[in-house]
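Student: Please take one helix of this model and go through it closely. I would like its length, its ends and its surroundings in one connected account.

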Amino acid sequence: MSLKNDLDNLKQKGLAQIQEVDSTKVLNDIRVSLLGKKGPITNVLRGMKDLSAEERPKVGAFANEVRDTLTEAIEAKKDELQAQVLNKKLQEETIDVTLPGRPVSVGTSHVLSQVMDNIEELFIGMGYQVVDGPEVEEDHYNFEMMNMPKDHPARDMQDTFYITQNVLMRTHTSPVQARTLEKHDFSKGPLKMISPGRVYRRDTDDATHSHQFHQIEGLVVDKHITMADLKGTLEVLARHFFGEDREIRLRPSYFPFTEPSVEVDVSCFNCNGEGCAVCKHTGWIEVLGAGMVHPNVIKNAGVDPEVYGGFAFGLGPDRFAMLKYGIDDIRQFYLNDIRFLHQFKVED
Ligand code: 2U9
């Protein structure tokens, strides 16, 4: 029965080895070395052909028992090791749900967007539509339709970025209004619109000039529109943006696209009109240009100026923001310095 002894030794040694293992890889190596094709049990089974017919089934049954015992022990050890790995991982990855969260830095809309949104909301509330248009514009819409033909001296007032002879970066948002007026169907009611957006002029950048800035222009066209409508509308705007106690005054001016044209002052929000550094001791601050739409502009859009007329105005959101928040350099709006931008953080 030396084969049976060999098998018994194998079982005892194997079980001892399995017991000591501490990694699944080594355990697998042991499985291969004990139970694999070149392992000792297979070897014993091969030697059974030399046994007597009486011994063979006994040794065969015992060999199977040894193989089953070792296989079970290996499986049990494998489960144990896997459970250990899992427990270790679970312990290492413990999350303290009571820890406070890390603060997330939330951005804010740009101060110019805030100013423009604020003014847009006011006009939407008064029934105006907000209209967008191309920044790369045709000479025809930017100048020609706005009563500034090729030889008009007003074209010298606005140095322009030309792309081709007839294509340019718009110098104001007026072409959006001209395009909308041209398409408007007056049988459906009056035209009431504002056009906010970027505009471009060939200026050298300094504290008060930027080659790119913003405008919001307004246009109302209908029958029987008067300058009183214009003044009332601008008063609402001035009080909405600069404070309920503001007054406005209109001074004669000149624009090619309005006649008469006015410049609009608001009473100083800093000194209430008494005189201070903000209003240069005049009590008034210039904030807008405006006027009654020139009959030529109405006609250029294919509308009868004998029947229809209107008012228009233009304002600079950059200037509005500078006045309201005491910003002394227009370039701040375009530098994207986070320290500047964060000062205008709004809480939701
Ligand atoms: C149409 C007809 C008339 C738009 C107008 C102004 C007066 C004006 C400037 C003020 C400072 C722009 O921000 S600024 O640089 N604008 O003074 N703009 S009336 O008049 C129009 C526009 C479109 C069809």
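Tutor: What follows is an account of helix H9, with a short note on a site in a neighbouring strand taken from a record. The model is predicted. Helix H9 runs over residues 227–242, which makes 16 residues. At 1.5 Å a residue the helix should span 22 Å, and its end C-alpha atoms are indeed 22 Å apart, so the two values agree.

At the N-terminal end, threonine 226 acts as the cap. One of its side-chain oxygens is placed 3.2 Å from the backbone nitrogen of alanine 228. After the other end comes glycine 243, which has a positive phi, near 125°.

Between these ends, the buried residues of H9 are Leu230, Thr233, Leu234, Leu237, Ala238, Phe241 and Phe242. Viewed down the helix axis, they fall within an arc of 135°, so the buried residues line one face of H9. The cover over them includes two helices, H5 (111–125) and H11 (317–325). It also includes the strands E6 (248–255), E7 (258–267), E8 (284–293) and E9 (309–315).

Strand E7, part of that cover, contains glutamate 259. An unreviewed UniProt entry places the feature "binding site" at Glu259. Glutamate 259 has a relative accessibility of 45%, and therefore counts as partly exposed, since that class lies between the 20% limit for buried and the 50% limit for exposed. Leaving aside residues up to four places away in sequence, glutamate 259 touches Met292 and His294.

Definitions and conventions
Residues are numbered from 1 along each chain as its sequence is written. This is a predicted model: local features need pLDDT of at least 70, side-chain atom pairs count only at pLDDT 80 or more; totals for chains, interfaces and linings use all residues. Side-chain values use heavy atoms; hydrogens and water are left out. Helices (H or I, at least four residues) and strands (E, at least two) are DSSP runs, numbered from the N terminus. The expected span of a helix is 1.5 Å times one less than its number of residues. Buried means under 20% relative accessible area, exposed over 50%, partly exposed in between (1.4 Å probe, protein chains only). The arc is that of the directions from the helix axis to the C-beta atoms. Contact means heavy atoms within 4.5 Å. A polar contact is a pair of N or O atoms within 3.5 Å; within protein, one must be able to donate a hydrogen and the other to accept it, and residues adjacent in sequence count only if both atoms are side-chain atoms. UniProt positions are given in the numbering used here, feature names are shortened, and annotations may be inferred rather than shown by experiment.
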